[in-house]
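Here are my notes on this model, as numbered points. Please read them with the structure open.

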Amino acid sequence: MIQFILNNTTVSTPENSGMTLLDFIRENKQLKGTKIGCREGDCGACTVLVGTLENNQVTYKSITSCIYPLGNANGKHIVTIEGINLTEQLTTVQHSFLENYATQCGFCTPGFIVSLTGYALQQNEQSTHNCNDAVSGNICRCTGYKSIEKAAKNIEHILASKDANNQISWLIKEGFIPDYFSEIPEKLLKIKNPISSEEGTVVANGTDLYVRFADKLTDEKVHLIADKYKGIEITKNQCTIGASTTVTELLQHKYLQKLFPNLKSFLKLVSSEQIRNMGTLGGNFVNASPIGDMSIFFLALDSTLTIVHRDGSLRKIPFKSFHKDYKQYDLKEGELLKSISFNIFEDNTRFNFEKVSKRTHLDIASVNAACQITISNNKVTAIHLAMGGVAAIPKYLSKTAAFLNGKTISEEIIFEAQKILQEEISPISDVRGTSAYKRLLARQLFYAHFLKLFPENIELKKLITL
């Protein structure tokens, strides 16, 4: 039995855990404000909020309910557009949309309202994104977005005076949310109904599997692991991240923000707000896409995977040996990814991530690339390079790295290194570009690492004239 709070009502249902949350909301509960759009997590029309109880407070995130398994709602607070509405008056977010003429046909509007209300509810995330980021996964085909941006900026201005110590009370008082939100922590404490089935297809949050197999998974048993292997642990020399940790949880982690000063700009290239709130590291790795953004990111960190068997035994492998061939990887029967870890680097180590896609954001890469490089006495003492979209698997560029190791960074050395890179990759022509185009991108992204990380050593004009 799945049990959760839907808006202001505790719900118990025997429905299959693999059913999509969207279908349960619309068909079982007849809450039609949550719209059906793409059914692939792209358009945001089906956006709802998922509230998770943590330290007696509820943390809310926006997600696309069309690719979210119903079983993952167990023990949580699910908020639809109907659950945001006030009695006989508009909420502050809704009023801002009205005042700025930010809606036309209205189909996408519930998703925008829910996303922006979720932004208002967030506790500590304002330092990592703004209102426009909050609706990055919501598509509107009518307004041209400028009126929506004006409404969002107005909301952001109002939230600037929010009382962070009494957030829910302040939001209720200011008309952002109904007053029942103050009772949700106590109600969630009363729900103690874990789902323990370990049969069926393994699913974390479904951002890949539910795009391809939603109808199939709705009717089958699923083994849900989204809450199983989570968390980020920092020791003196190592960072260990649970396989079910989401991209958003990486983005919001204060130590990782310090370790990677450009973390926001890197991870903003990885899908939309809603998908970052759902997509897990382990899911990205076992998707085994040759252009998996997080695979490329962690390959360049020379990471190690910890794999757990159902009998509790563990084994560790270098991440660069995990992907074997196209959509094939090193997981045996009964095994799951438990965590990924990498060594924390010193001040003389630099890191960069690059991505090119047909759209700058919210798109799959044509080519992506990452680089970690350590310099001592003006020489490369360690380097790890990874690139996606140039081979059948996420490619660790061992030969290119071996050439650069021990060298002094200069335009001539980088030019020679990219020749080796071109021998090491084997891109194919597909919908994201021709083989020749991807080779060009590979060179440009490789150059971009050094132009950004070593502007004092590399001059663009000289590099491109070699």
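How many bridges join β16 to strand β17 (residues 379-388), and in which sense do the two run? The answer is in point 2.

1. **Status.** This is a predicted model. Please keep that in mind for each point below.

2. **The β16–β17 pair.** Nine bridges join β16 to β17, and the two strands run antiparallel. One of the bridge partners can be named at once: Ser 376 is matched by Lys 379 in β17. The two strands form a hairpin, with two residues between them.

3. **The turn residue.** Asn 377 lies in the loop between β16 and β17. The phi of Asn 377 is positive, about 50 degrees, although Asn 377 is not a glycine. Is Asn 377 buried or exposed? The relative accessible area is 74%, and the cut-off for exposed is over 50%, so Asn 377 counts as exposed.

4. **The other neighbour of β16.** Strand β15 (residues 349-357) also pairs with β16. The sense is antiparallel, and there are nine bridges. Within this pairing, Arg 350 has Ile 373 of β16 as its bridge partner.

5. **Cover on β16.** Strand β16 covers residues 365-376 and has twelve residues. Eleven of them are buried, which leaves the strand mostly covered. Set this beside the turn that follows, where Asn 377 is exposed.

6. **Helix α1.** Helix α1 takes in residues 21-28. Six of its eight residues are buried, so the helix is largely enclosed by the rest of the structure. Which residues of α1 are buried? They are Leu 21, Leu 22, Asp 23, Phe 24, Ile 25 and Arg 26. Note that Asp 23 and Arg 26 are in that list.

7. **What covers α1.** The cover on the buried residues of α1 includes five strands. These are β1 (2-6), β2 (9-13), β3 (47-54), β4 (57-64) and β5 (77-79). After the helix comes Gln 30, with a positive phi near 55 degrees.

8. **Two loop residues.** Lys 327 sits in the loop between β12 (323-325) and β13 (328-329). The phi of Lys 327 is positive, about 60 degrees, and Lys 327 is not a glycine. With a relative accessible area of 34%, Lys 327 is partly exposed. Asn 74 is in the loop between β4 and β5. Asn 74 is a buried loop residue, at 14% relative accessible area. The cut-off for buried is under 20%.

9. **A distance to check.** Asn 74 and Leu 256 are 182 residues apart along the chain. Their C-alpha atoms are separated by 30 Å.

10. **Overall fold.** The protein chain has 19 helices and 18 strands. Its radius of gyration is 23 Å, close to the 23 Å that the globule rule gives for 466 residues, so the chain is as compact as a globular protein of that length. Along its principal axes the C-alpha trace spans about 70 × 55 × 45 Å.

11. **Burial and contacts.** Of the 466 residues, 53% are buried. Take the contacts between residues at least 6 apart in sequence: 64% of these join residues at least 24 apart.

12. **Surface and charge.** The accessible surface of the chain comes to about 20,800 Å². Carbon and sulfur atoms account for 49% of that surface. The chain carries 51 positive and 47 negative charges, and their mean positions are 4 Å apart.

Methods:
Residues are numbered from 1 along each chain as its sequence is written. This is a predicted model: local features need pLDDT of at least 70, side-chain atom pairs count only at pLDDT 80 or more; totals for chains, interfaces and linings use all residues. Side-chain values use heavy atoms; hydrogens and water are left out. Helices (H or I, at least four residues) and strands (E, at least two) are DSSP runs, numbered from the N terminus. The radius of gyration is taken over C-alpha atoms; the globule rule is 2.2 Å times the number of residues to the power 0.38. Buried means under 20% relative accessible area, exposed over 50%, partly exposed in between (1.4 Å probe, protein chains only). Contact means heavy atoms within 4.5 Å. Accessible areas come from the Shrake-Rupley method with a 1.4 Å probe; for residues, only the protein chains shown count as cover. Lys and Arg count as positive and Asp and Glu as negative; His and the chain ends are not counted. The place of a charge is taken as NZ of Lys, CZ of Arg, CG of Asp or CD of Glu. Two strands pair if DSSP finds at least two bridges between them.
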